[in-house]
Amino acid sequence: MSAKIIDGKAVSAEVRERVAAEVSEFIEGGGHQPVLATVLVGDDPASHVYVANKHKACEAAGIGSVHHELPAETSQADLVTLVEALGDDDAIDGILVQLPPPEHIDPDAVIAAINPAKDVDGLTATNAGLLAGGRPGLVPCTPAGVIELLDHAGTELEGAEAVIVGRSNLVGRPLISLLLGRNATVTAAHSRTRDLAAVCSRADVLVAAVGVPELLGADHVKPGATVIDVGINRTDDGLKGDVDFEAAVEVAGAITPVPGGVGPMTIAMLMANTLAAARARAI
Ligand code: NDP
């Protein structure tokens, strides 16, 4: 039997509508309009599209936005100075530096300059530490979107066997903490995992965040499992996930497509984080 398809576009639209309603309520209740600042260094066309989409999403949610565009040759010191200034600027609630920066800039140095209270990407050591410690903070957008999709699909997390393939700071590691926080039994698999299929096929919840097109097939999926594919891989055959969708859809109970699964969630969770940061700063 074919799995239920988890529609990320629809869930993303729901989250964005919910955030828009909450922004209105926050302002009606005497709060200020939340404002997101984006910073883009260089002229990478894909990054320009991503940033433009974030501004459109802000507008639709009633969130203000400002944009700083810097030339590719901007020094790391100048970028850090701008990011620190945004951190001190009372008119700004969220700071998003579009990654990756040009090669001469160390992304870790830029992330370290972000005021943790405005770190809407959840990448600073402070927010990563809070999440790892099970304490409230700003959570990275893509993993937060994965949890939103699992909840929407009605997947039971408490006591579930969850396997995450990938342990990056951006996706895999935050998901370990988020799923532990929901009382799942969590296994993190990675490039040195022995017998990946055996590990994955134990999972009630299987999350792929690898960056290898169609690495996981039917052998990796437990019958009836929920499969969340974070992978976005550009191939000669078009955009592919980390899961072989055609094979896995026949075994899984529910599955996200690529595109149209996790992808649209990231921007929705960015809106949610900007509102959360504005609320926390208003207290
Ligand atoms: P990284 O390259 O940072 O991490 C990849 C992880 O996969 C590493 O932990 C690596 O293991 C593991 N890995 C690599 N090869 C294998 C293998 N053969 N078997 C098992 N594990 C393996 O990637 P990201 O986490 O940043 O991204 C993962 C995917 O998600 C990419 O396709 C990316 O495009 C996509 N993505 C999508 C987003 C969205 O939907 N908005 C946002 C962010 C990412 P090790 O640690 O041992 O090296």
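I began by fixing my terms: two strands pair if DSSP finds at least two bridges between them, while helices (H or I, at least four residues) and strands (E, at least two) are DSSP runs numbered from the N terminus. The model I looked at is predicted, so I noted that local features need pLDDT of at least 70, that side-chain atom pairs count only at pLDDT 80 or more, and that totals for chains, interfaces and linings use all residues. I also noted that residues are numbered from 1 along each chain as its sequence is written, and that side-chain values use heavy atoms, with hydrogens and water left out.

**Entry: the sheet of 6 strands**

I looked up the strand order and found an open sheet of 6 strands, 1-11-8-7-5-6, with parallel pairing. Its edges are strand 1 (4–5) and strand 6 (185–189), each of which pairs on one side only. Inside this order I followed strand 7 (residues 205–208), which runs parallel to strand 8 (residues 226–229) and is joined to that strand by 4 bridges; Val 205 stands opposite Thr 226 of strand 8.

I then looked for helices in contact with the sheet (contact means heavy atoms within 4.5 Å). For angles, axes are lines fitted to C-alpha atoms, for helices over the stretch in contact, and the values run from 0 to 180 degrees between N-to-C directions. Helix 6 (residues 141–152) packs on the sheet and touches strand 7 and strand 8, its direction making about 150 degrees with that of strand 8. Helix 7 (residues 172–181) also packs on the sheet, touching strand 5 (161–165), strand 6 and strand 7, and its direction makes about 170 degrees with that of strand 5.

**Entry: the sheet of 3 strands**

I found another open sheet, of 3 strands in the order 3-2-4, with parallel pairing. Strand 3 (64–70) and strand 4 stand at its edges with a single partner strand each, so one side of each has no neighbour in the sheet. From one strand to the next the twist averages 15 degrees. Strand 2 (residues 35–41) pairs with strand 4 in the parallel sense over 4 bridges, and Leu 36 stands opposite Gly 94 in strand 4. Helix 2 (residues 45–61) packs on this sheet, touching strand 2, strand 3 and strand 4, and its direction makes about 160 degrees with that of strand 3.

**Entry: backbone exceptions**

Most residues other than glycine have a negative phi, and most peptide bonds are trans. I noted a cis peptide bond between Leu 99 and Pro 100, with omega about -5 degrees; Pro 100 is in the loop between strand 4 (94–97) and helix 4 (107–112). The bond from Val 258 to Pro 259 is also cis, with omega near 0 degrees, and Pro 259 is in the loop between strand 11 (254–255) and helix 10 (263–282). Asp 195, although not a glycine, has a positive phi of about 50 degrees, and Asp 195 lies in the loop between strand 6 and helix 8 (196–200).

**Entry: the ligand**

I counted a residue as near the ligand if one of its heavy atoms lies within 4 Å. By this rule 21 residues surround the ligand, the closest being Arg 167, Ser 168, Ser 191, Ile 232 and Thr 266. For polar contacts I took pairs of N or O atoms within 3.5 Å; within protein, one must be able to donate a hydrogen and the other to accept it, and residues adjacent in sequence count only if both atoms are side-chain atoms. An oxygen atom of the ligand is 2.5 Å from a side-chain N or O atom of Ser 168, and a polar side-chain atom of Arg 167 lies 2.7 Å from a ligand oxygen atom.
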